[in-house]
Structures are given as structure tokens and as C-alpha cells.
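Here are a few exercises to work through with the model open beside you. Try each task before reading its solution.

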Amino acid sequence: MGKQRFTKNQKKGRKAASLVAEETYSTVPHTFVFQRGQIGRNVGQLVLDIRRVMEPFTARSLKVRKKNVLKDFVAVAGPLGITHFSIFTKTENSINMRLARLPKGPTLYFHVAKYTLIKDVISSLKRHRMHEQQFSHHPLLVLNNFGIEGMHIKLMATMFQNMFPSINVHKLNLNSIKRCVLLNYDPVSQEVEFRHYSLKVVPVGMSRGVKKLMQEKFPNMSKLEDISELLMKGVNLSESEAEQDGDHNITELPQVYSGRGNMASQQSAVRLTEIGPRMTLQLVKIVEGMGEGKVLYHSFVSKTEEELQEMLNRKEARLKEKEERKRKQEQNIALKKEKRDQNKKRSLDGINRKRQQEGQVSDDEVEDPGKPEDQAPAEESEDEAEYYRQAVGEEPDEDMFPGAKRKRGPGKSPKPFKKRKLSQGKGPPHDKKSFKLPDRGNKYGGKRFGDRKPPEGRNRFRKSEGGKKFGQKGGKGCRFAGQKKGDAGKKFGGPKSFKGRKKDLKHKKGKI
């Protein structure tokens, strides 16, 4: 099968649709629903059900670990466009829910008095209507009894409204409305009832038999003699299919709605079927910031004007103390930096002075702390060094041209070359006739074994040997008192000239 091809108009249409979808997705509110601490199995299922309600603009598979803190969610919320948090917690006596607006609050604290899970609501219904297509669009929010006077009531209504996308009545497509969320405020008990419904639209003004014919499942007419019996009597139909519609749910459709018989400008009935979950919420308090800050409202605690003013004064004093600590810390950091720079300059001056005294560098080569390190040397030294390289074929010594730079490969380090020290026993190359092997102890350019100093605080030899160093000639307790100077270059296995105690040196057939 060949690859599907699109015309130019189709490509433009797809590109424009994707841009509109991205703009729409970025402008609508998004919500994180998660828990904090140990909540148990039932409350954990309630968290999953609330995520189901907030779909599609929520993280359905959000993973929360024990080590995660609230700052982690706040840090992730910005790039993902999250606007609200719904946080569930559980104590020994109650279940609580927090609704927070990002990034600077406010935060509403609710006490969950009662709740029912989706599985419990569905199991109580005879026939439920719940399928995956319903959750491809956001639910329709309905608020009831939130017009009562009170700052906390208005703030609570605004918080609920901003959690769901707003709709434009003139541009709304009715087929995208499949669910409904109802929030009802009871002024007597001061509780909020949360309900979640599935929405269905059916035509009215016809008999039950005609409605049955309009549906996909055709009724069983094996016991009927004529089709008129189905239209007039409506036999073999269950009582649940004969629901009574009235003025409370009958309306005129402005658009064609999905389903048979739902035509524009025709009478249709809107039916709601609860799919859960249910919650009964009680507002506890409202905090100004994101989980912290000034308490704007509290349902159980009331304070006088003097107490509120005292709280404000304490808060201002804490803020002033914090600013003072911050200012002192900045001053201390600046002083430490200045002192560190002075110490660095003083140490460089000391190093330069010491090098001048030892005669290693001239006055022109003294390092200046304020002068860049990679400054170009004199041109004459460079020319002389280059001439020496071409004539001799090797790098010149640093003592010959102190101001010249040595050539390095492309990957070499820019650090200066250290002056090479000749080890003891090695010198410039000689002719073959005058070349002589050095002593055995000096074969590798190091000091003799007897010239090594023992580590401080540790005596390597016993007191009975006088505490003398290893390798000294003569004296009591010296192992190699009879060794001659020229014996150090002899090979292993030759005649032994050591004169010491027999218990220290054991001869075994040419081996020591």
C-alpha cells in the first residue's frame, strides 16, 4: 500500500488546526491532583477519581514519591503550564483537601466530611452511562447558591470557576458537552456538595415505541401481530425506558446534537446520570499565599482588630530582621572577597621577591598580579631561539633564552616548562673511551641506600646498634663495617665481603 499523500490545502488545514489546538491547550487551566503523606487505599482511589473528573487537562498518571516535597511540584508546574493544585491529606480524625492557585495563592483548606467513590456510585445504578469518549472533553461546571454575601463565598466560587475552562456560548459546540460537574452551597450547614454527572439528550413528543425504533437496538416484535401494537401500546418495554420528562429538563436545541432524533429547533430532554465521585466539603480557612501567609478567613477562629494588628506587627518585625541578616551576609561576603584578593596579591609579591633574591628572574620578569599572565615576550629572544632550533635541531635551554617561548604541540598544556635537573651520577654525554659505569648504588641516579634518612618520629634500628644510620662505616653495631667502597658495584652471587652477625645473614648455596 502506497504512502498517503495530502494536497496543499489539506496540509495547510492540518497545520492551522495544530496551531489552534496548541493555543487552546496553553490558555486553558491545568490541574495537578496528588496526595501528601500516608492516606490509605480508599483515599488513594478518591484521588484517582478526582483526576478522572478533571480530564483531559490534568496529569492522569502522575507519580508521587515519598521524598517529593511541595517545592518539587511547584518547580515542575511552571514549564508544564499547571495553574492549580488539588492536594489530599489524611490525619487520624479527618480527611482534608487543599485547592491552591499557582504561583502565589490563595490556598483554600477544605474538610472532606463525606465521600463516595465512582465504583460505589455505579454499582448502585441499574443502568449507568459511562464511556471513554465522555472524558475527551472537559466537563461543564454548574454553580448553585454561590451568590450569597461574603468574601469567602465569592473567593470560593472564583476558585472553582478558574479550575475549569471557560466557554463561549456563541461558539460552543454542543457535541463537546458530555459531562457536568455540579457544586451546590448550603448556607445553613455551610457545606459544598460535589456531584459528577453524565449528560444525555433524547427527543420528546413521541411514544416509547417510536423512541425505541429511533435507537440502535431494535425491539423484539416476535409476539406482535402488527407494528402498530408497538407504536400504540409500547409492550415489552421496561419501566426504566419510560422515564417521565417535564418542563424542568425539556429545551429547544440550537444545534444538531449527537443521537437519533436530536435535530435543531426541536424539543429534546436533557437527562443526567450520576457517575461519581461524590464529596461533601466544608471550608476551614483561606490563606493568602501558597500554603503560607496571612489567614484571610477562618471558619472556627475569629480574632479582634487588636489581635490582627499585633500579628501584622510581628510579621513586619520578622521581615525587617530577615532583611537585616541578608544585608549583613552580603557585607561579610564582600569583606571576605576583598581580604582574599589582598592575601593573593601579598603572596605573589612574596614569591616575586624571593625569586629575585635567589637570582632566578630579573626585574623585568617579575609577575605582576594585575598584569595578564600570557603576555608576549621580547621579540629578540624569540628570534634567537628560532635560529637556534634551525641550526641545532633541538629545543634550546631556558637559561640560554629566558624570554623565549618553547614550541609545543596543539594539545599541549600552556604551563611553563620546569627546569630539568640532572640526577646524581648522570651528566652530559661522554665519548665511549672516557665513559665509565657509575657505582651500583648510583645506577639509577638516586642516592645510596645508606644515605636515606629515616622517617621522623620512628627509629628504624634498635638501640643496641647505637642508633646509627644504615650504611655508615666503622663503629660498633654496623653491619657493613668491613665493606669497601668499590664493592657496591659487584654483581649478586660473587664473593661476599659483609662482616656482621651470622644470625642476621644466612648463606644458602649462593643465595642470601
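**Exercise 1. The surroundings of Thr107**

Leaving aside its neighbours within four places in sequence, which residues is Thr107 in contact with? Please note that the model is a predicted one.

Solution.
- Step 1: find the residue. Thr107 belongs to strand β4, which covers residues 107-116.
- Step 2: list the contacts. Beyond the neighbours within four places in sequence, Thr107 is in contact with Arg98, Leu99, Ala100, Lys285, Ile286, Val287, Gly289, Met290 and Gly291.
- Step 3: look for a polar partner. A polar atom of the Thr107 side chain lies 2.9 Å from the backbone oxygen of Gly289.
- Step 4: classify the residue. Thr107 has a relative accessible area of 2%, and buried means under 20%, so Thr107 is buried.

**Exercise 2. Pairs of opposite charge**

Determine how many salt bridges the structure holds, then describe the ones formed by Glu55, Glu193 and Arg314.

Solution.
- Step 1: recall the principle. Side chains of opposite charge can pair when their charged atoms come close.
- Step 2: take the total. The structure holds nine salt bridges.
- Step 3: start with Glu55. Its partner is Arg60, with the closest N and O atoms 3.1 Å apart. Glu55 is buried, at 8% relative accessibility, whereas Arg60 is partly exposed, with a relative accessible area of 48%.
- Step 4: widen the view. A network of salt bridges links Arg52, Glu55, Arg60 and Glu132.
- Step 5: go on to Glu193. The side chain of Glu193 meets that of Arg195 in a salt bridge of 3.3 Å, N to O. Glu193 is partly exposed, its relative accessible area being 23%.
- Step 6: finish with Arg314. The salt bridge between Arg314 and Glu310 has its closest N and O atoms 3.3 Å apart. Because these two residues are four apart in helix α8 (residues 305-358), about one helical turn separates them. Arg314 is partly exposed at 44% relative accessible area, and Glu310 is partly exposed at 46%.

**Exercise 3. The nonpolar cores**

Which residues of the largest nonpolar core touch the most other members, and which element supplies the largest share of this core?

Solution.
- Step 1: pick out the residues. The largest nonpolar core has 34 residues, of which Phe110, Phe146 and Met156 touch the most other members.
- Step 2: map the core onto the elements. At least two of its residues come from each of α2 (41-54), β3 (95-101), β4, α5 (151-162), β6 (179-186), β7 (191-203) and β10 (278-287).
- Step 3: find the leading contributor. With six residues, α2 supplies the largest share of this core.
- Step 4: follow one member. Leaving aside neighbours within four places in sequence, Met156 is in contact with Leu108, Phe110, Phe146, Tyr185, Val192 and Leu283.
- Step 5: look beyond this core. Apart from it lies another core of 11 residues, including Phe34, Phe73, Phe85 and Ala100.

**Exercise 4. The cavities**

What is the volume of the largest cavity, and which element gives the most to its lining?

Solution.
- Step 1: count. There are six cavities of 30 Å³ or more.
- Step 2: give the volume. The largest cavity has about 140 Å³.
- Step 3: inspect the lining. This cavity is lined by 16 residues, and Ile50, Met54, Phe160, Met163 and Phe194 are the closest to its centre.
- Step 4: assign the lining to elements. Two or more lining residues come from each of β1 (31-35), α2, β3, β6 and β10.
- Step 5: name the main contributor. α2 gives the most to this lining, with three residues.

Note on methods
Residues are numbered from 1 along each chain as its sequence is written. This is a predicted model: local features need pLDDT of at least 70, side-chain atom pairs count only at pLDDT 80 or more; totals for chains, interfaces and linings use all residues. Side-chain values use heavy atoms; hydrogens and water are left out. Buried means under 20% relative accessible area, exposed over 50%, partly exposed in between (1.4 Å probe, protein chains only). A polar contact is a pair of N or O atoms within 3.5 Å; within protein, one must be able to donate a hydrogen and the other to accept it, and residues adjacent in sequence count only if both atoms are side-chain atoms. Contact means heavy atoms within 4.5 Å. A salt bridge is a side-chain nitrogen of Lys or Arg within 4 Å of a carboxyl oxygen of Asp or Glu. A nonpolar core is a set of buried Ala, Val, Leu, Ile, Met, Phe, Trp, Tyr and Cys residues joined through side-chain atoms within 4.5 Å. On a 1 Å grid over the protein atoms alone, a cavity is a set of points where a 1.4 Å probe fits but cannot get out, and a pocket is an open set with protein on both sides within 12 Å along at least five of seven lines; lining residues have an atom within 4 Å of a point. Grid points are joined across faces, edges and corners, and a volume is the space filled by probe spheres set on the points.
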